[in-house]
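Biologist: Could you take me through the enclosed spaces in this one? I'd like to know what walls them in, with the cut-offs spelled out.

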Amino acid sequence: MSPKTLFEKFGHHCEIQSGIRDIPMFRSSKSPFTRFIRLCKRIRMINETNKRGYNYLRSQKKIENEYRKQLLYPYIIHPFSDFRKYWEFFMSIIILIQAIMVPLDIATYNSKYPDSFVRTSYFVYGRLATDIISLMEVLVNFFSGYCEVKKKIVVLNPHKIFKNYIFSNFIIDLYASIPTDVLLNLYFTEKWQTRGWNYMFHYCGLLKLFRYTTFIEYCYNITETSEISYAYFRVTSAVISFFLYVHVLTCFLISFMSYEYPFNVHLIKTSSFTHSYGTNASTFLKIYARFFYCTCLLILNSGFSIATISNGSNLLTVNIWLISKLLFILTIAYFLELHISVHSASQKFVDMVNEVKDFMRHRQVPNFLQKRILAYYDIKYQNHFFQESEILDTVSGQLRQEIIMNTCGKLVENVTFFKNLPLTLLVRIVSCLRYEIFLTNDVISKAGTTGDCMHFISTGTVAVFTKSGQEICHLQDGDYFGEIAMVMKDSTRVASVIAAEVCELYRLDRKDFIRAIIPYPDLYDRITYVAGDRMERTDIIDEAHKNTQHITKSEELTEMVQ
C-alpha cells in the first residue's frame, strides 16, 4: 500500500505515489507458485494500516523502518502483521473452546454417562485437534516478534525472541498442547487406576486453563486492531470470564460429588446439596443444568435449598463459605487499591476529558470539532495526565538539562547545520523548543504568510505544497522545515505545510534562535546558504507547475474553439 492510500485512510488526500511496498522485496512473476510465496511473505510483514501498530509506532516513518528491518529476518513474523492478526483471532477461539471442553471431559471421566456427547468420538477428536493446534501455536510463537513496551521497540531478533518466549509463556503453552486424555488411556494401567493416580493426572488437565490469560491478551489486541471500544472489550471479557468460572465450578462439582474417589470426600458427598440435586437424572445434560443452577445460587449468596443449622456438615459449609467470602472481599479491596495507585494518572486523564466534554456541551461545540479536540487530548497525554512544567520545575537544573537533551537533543542534531555544535549552544537551542501537536489536515504553515519560526518533526508526516497548490514532497520523523524564516527577517513562506497524519512537532521561534546563534557567524552563514538553496528549488518547481497549468488551460481553450 502506498502512502497515498494510507494517508487517505487517515483523512489526507495525497498526490505522491511512493511507499514501503516499493521497497524491492518480491520477485515479479505471474506463476501461481510465485504468487503464493509472495502472499506468504507479505502477510508476515508489518501492515501499515494496522491500527494497533500505528498507535504503537505513531508515525509512517517508523513503520517504514520496521518494514526494512524485517527484511533482515526473512522467517520472522511481525507482531503487527496480517498473519498475527488473524492467527490471534483464530487462537482466541481455540483457547476458549479448550477451556470449555477440558472441564467437561473431567466431569464425565469414568464413563458413567455413556449417552453423553462428551464421551463420543467427535468430542475426543475435537480435544485432540485443539491440542495439536496449541502445539502449532508454540511453533508460531518461536517465529513471532514481540513488543518491548517500556522501550517502545519491536524485537525481531530470533535469539531474543527464543529467550523471551522460553522465560514467559512457553511452559504453559507447551503443557496446553499435551493430550492428557489420550496419554491417560494409553499409559495408565489398572494398577495405577486403583491407586487413584489417574484421577490426579486427569485433574492436571485443568492447568490448561492458565492459558485464559493469553485469551484475554489476544482479545485486547483484536479490540485495538479493530478499533472496538475498550469499554465494550471490558464488559465482554467480564461476561465471558463469569460464565467460564461458573462452567468450571459446575463440572468440578459434578465430578467431585458423583464419582467414587480414593480420597475421603464424605462431607461433601453426604451434604444436603447432593440430596437435593442428586445425580439420578436421566442424561448428563440435565445433571449439568441442575449443577449449573446450584453453582449460580452458591456464587450469588443464596445457599442450598435444604439447609439445617443442626446439621454439623452444614455448619462447617457455612463457616467455610463465610471465610471464603471474607478473603474474596479483602482480595477485591487490595486489587482496587492497587489499581487506583497504579492508574492514578489514567483516572486524572478521564476526569480531565469529562471536564472538557462538559465544557464543549456548554459551549455547544459542533460534533466534528468535539472529535478533533478529544483526539488532540488523546495524542498529547496518551491516556495519562501529567503536568510537565511542574515536573520540570521540581528537578535540579542538571536533571532538567538531561531530560530536555534526551527528549529533543537527537532531533536537533539530525539537522545538517546543527551538527558538531558546542554542547552549551545545543542546550540553549533545545531549551527554546516548544512542543506542538497537529491533527490530520491541520495547516502548520501557509505560503505567502510571514514566517517567524521553524519546526522539527518528532513523529508524523507532513505534506509540502507550493504556492500554486502542487504537492512536492513529504517530510517525516527527524526532518525540519521553515528554516528560511530563521535567517531572513519578515520573509514570506514559500510553501504550505499540512499535516498528513497526526504530528508531534517542536517549534523554534526566530527571536530565540537569533539570540542563541548570533555569537556564531559562520554557522549563521551556513544556515543562510542552505535556506536559500531550498527556496530556489521550491521556486523552480512552483514555476514549472504554473507553466504546466497554463499550457493545459491553453489546450483546453483551443479544443473549445475548434
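**The cavities and their walls**

Modeller: Start with helix H13, which gives the largest share of the lining of the second largest cavity, 3 residues. Helices here are DSSP runs of H or I, at least four residues, numbered from the N terminus. Bear in mind that this is a predicted model, where local features need pLDDT of at least 70, side-chain atom pairs count only at pLDDT 80 or more, and totals for chains, interfaces and linings use all residues. Residues are numbered from 1 along each chain as its sequence is written, and side-chain values use heavy atoms, leaving out hydrogens and water.

Searching the whole structure turns up 2 cavities of 30 Å³ or more. A cavity is a set of points, on a 1 Å grid over the protein atoms alone, where a 1.4 Å probe fits but cannot get out; lining residues have an atom within 4 Å of a point.

Back to the second largest one: it holds about 30 Å³ of space, volume being the space filled by probe spheres set on the points. Its walls are Pro103, Ile106, Tyr203, Leu206, Val248, Cys251 and Phe252. H5 and H13 (230-258) each supply at least two of these lining residues. The chemistry is plain to read: 7 nonpolar, no polar and no charged residues. Nonpolar covers Ala, Val, Leu, Ile, Met, Phe, Trp, Tyr, Cys and Pro; Asp, Glu, Lys and Arg are charged; the others, Gly among them, are polar.

Now the largest cavity, at about 50 Å³. Asn50, Arg52, Pro79, Ser81, Arg84, Lys85, Glu88, Asn221, Ile222 and Thr225 line this one. The elements giving two or more residues to that lining are H5 (82-107) and H12 (212-225). By class, the wall of the largest cavity splits into 2 nonpolar, 4 polar and 4 charged residues. So you'll meet H5 twice on this tour: in the lining of the largest cavity and in that of the second largest.

For context along the chain, an unreviewed UniProt entry marks "transmembrane region" at residues 86-104, 124-144, 165-188, 200-220, 232-257, 287-309 and 316-336; such annotations may be inferred rather than shown by experiment. In the model, residues 86-104 are 100% helix and 0% strand, with the end C-alpha atoms 28 Å apart. The span 124-144 comes out at 90% helix and 0% strand, and its end C-alpha atoms are 30 Å apart.

Definitions and conventions:
On a 1 Å grid over the protein atoms alone, a cavity is a set of points where a 1.4 Å probe fits but cannot get out, and a pocket is an open set with protein on both sides within 12 Å along at least five of seven lines; lining residues have an atom within 4 Å of a point.
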